Amino acid sequence: MLQILATPGIHLPYGFLKFNVDAAFKDSSQVAGIAIICRNDEGELIDGLSCRKPCSSALVGETYALLEATNLANSMNDQNVIFETDSELLLKAVTNPSSVFWEISSCVQSIALGLHNLPSSSLEWVGRLANQPADWIAKSCLSGTLPLNFVVNPPSALCPLFGC
C-alpha cells in the first residue's frame with residue numbers, strides 16, 4: 001500500500017482513519033472535480049474517491065466532497081474518523097449552521113447527520129500544503145487525466161506529494 005507520511009510532529013491516533021477532501025472548480029463549465037483520500041493510522045492509502053459534479057461554486061464542490069467522505073466513512077462502519085478540509089468557509093458552515101449559505105444548506109444538514117453517526121469523528125481545517133494530494137486528485141479529475149484506479153495504482157506524480 002502507498003504510505004502517506006504525516007506532517008512532521010503530527011501523528012494520526014491509533015485506530016483512526018483520516019479523510020482529506022478537496023474540490024477543483026471550473027467556473028466556465030460550472031463543474032467541480034472532487035477528491036477524497038482515506039488513510040489509516042499507519043499512513044497507508046486505503047480508499048479514495050473522485051468524480052465530476054455539476055455545481056455553481058467552489059464552495060458547493062467542497063461541500064459535495066465532504067458529503068461523499070462522510071457517506072464513505074459511514075459505509076466503512078468505522079467510528080474513529082478525522083475529516084480534513086482546506087475550506088474555512090465549509091468548516092464554518094458545518095460547525096455553525098446559522099451561517100450556512102442557502103446553496104449548501106441541505107448538504108450541510110446531511111454532513112451533520114453523517115458526522116453524528118460517527119461519534120468519534122472530527123472535522124478539522126488544514127492548510128493547502130497539507131491537502132496537496134487531495135488537491136492534485138481533484139484537479140486531475142476535473143481535467144479528465146486521473147486514472148480510475150488511482151487508489152490501487154497511484155500515478156507517479158502523486159508520489160512526491162505523499163512523501164514516498
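**Figure 1. Order of helices and strands along the protein chain.** Reading this predicted model along its sequence, you meet the pattern β-β-β-α-β-α-α-β-α-α. Counted up, the secondary structure of the protein chain comes to five helices and five strands.

**Figure 2. Overall dimensions of the protein chain.** How does the radius of gyration of the protein chain fit with that of a compact globule? For 164 residues, a compact globule would have a value near 15 Å, and the protein chain has 15 Å, so the two agree. Along the principal axes, the C-alpha atoms fill a box of roughly 40 × 40 × 25 Å.

**Figure 3. Contacts and burial in the protein chain.** Take the contacts with a separation of 6 or more: 71% of them come from residues 24 or more positions apart. As for burial, 46% of the 164 residues count as buried.

**Figure 4. Surface and charges of the protein chain.** The accessible surface comes to about 8200 Å², and carbon and sulfur atoms account for 55% of that area. The protein chain has 8 positive and 15 negative charges, and the mean positions of these two groups are 8 Å apart.

**Figure 5. A close look at F162.** Here you can find F162 in helix α5, which covers residues 159-162. Is F162 buried or exposed? Its relative accessibility is 1%, and buried means under 20%, so F162 counts as buried. Look for A130 as well: F162 and A130 are 32 residues apart in sequence, while their C-alpha atoms are 9.9 Å apart in space.

How values were computed
Residues numbered from 1 in each chain as written. Predicted model: local features only at pLDDT ≥ 70, side-chain atom pairs only at ≥ 80, totals over all residues. Heavy atoms only, no water. Helix = DSSP H or I, 4+ residues; strand = E, 2+ residues; numbered from the N terminus. Rg over C-alpha atoms; globule rule 2.2 N^0.38 Å. Buried < 20%, exposed > 50% of the residue type's maximum accessible area, 1.4 Å probe, protein only. Contact = heavy atoms within 4.5 Å. Areas by Shrake-Rupley, 256 points an atom, 1.4 Å probe, with all protein chains shown as cover. Lys, Arg positive; Asp, Glu negative; His and termini not counted. Charge placed at Lys NZ, Arg CZ, Asp CG, Glu CD.
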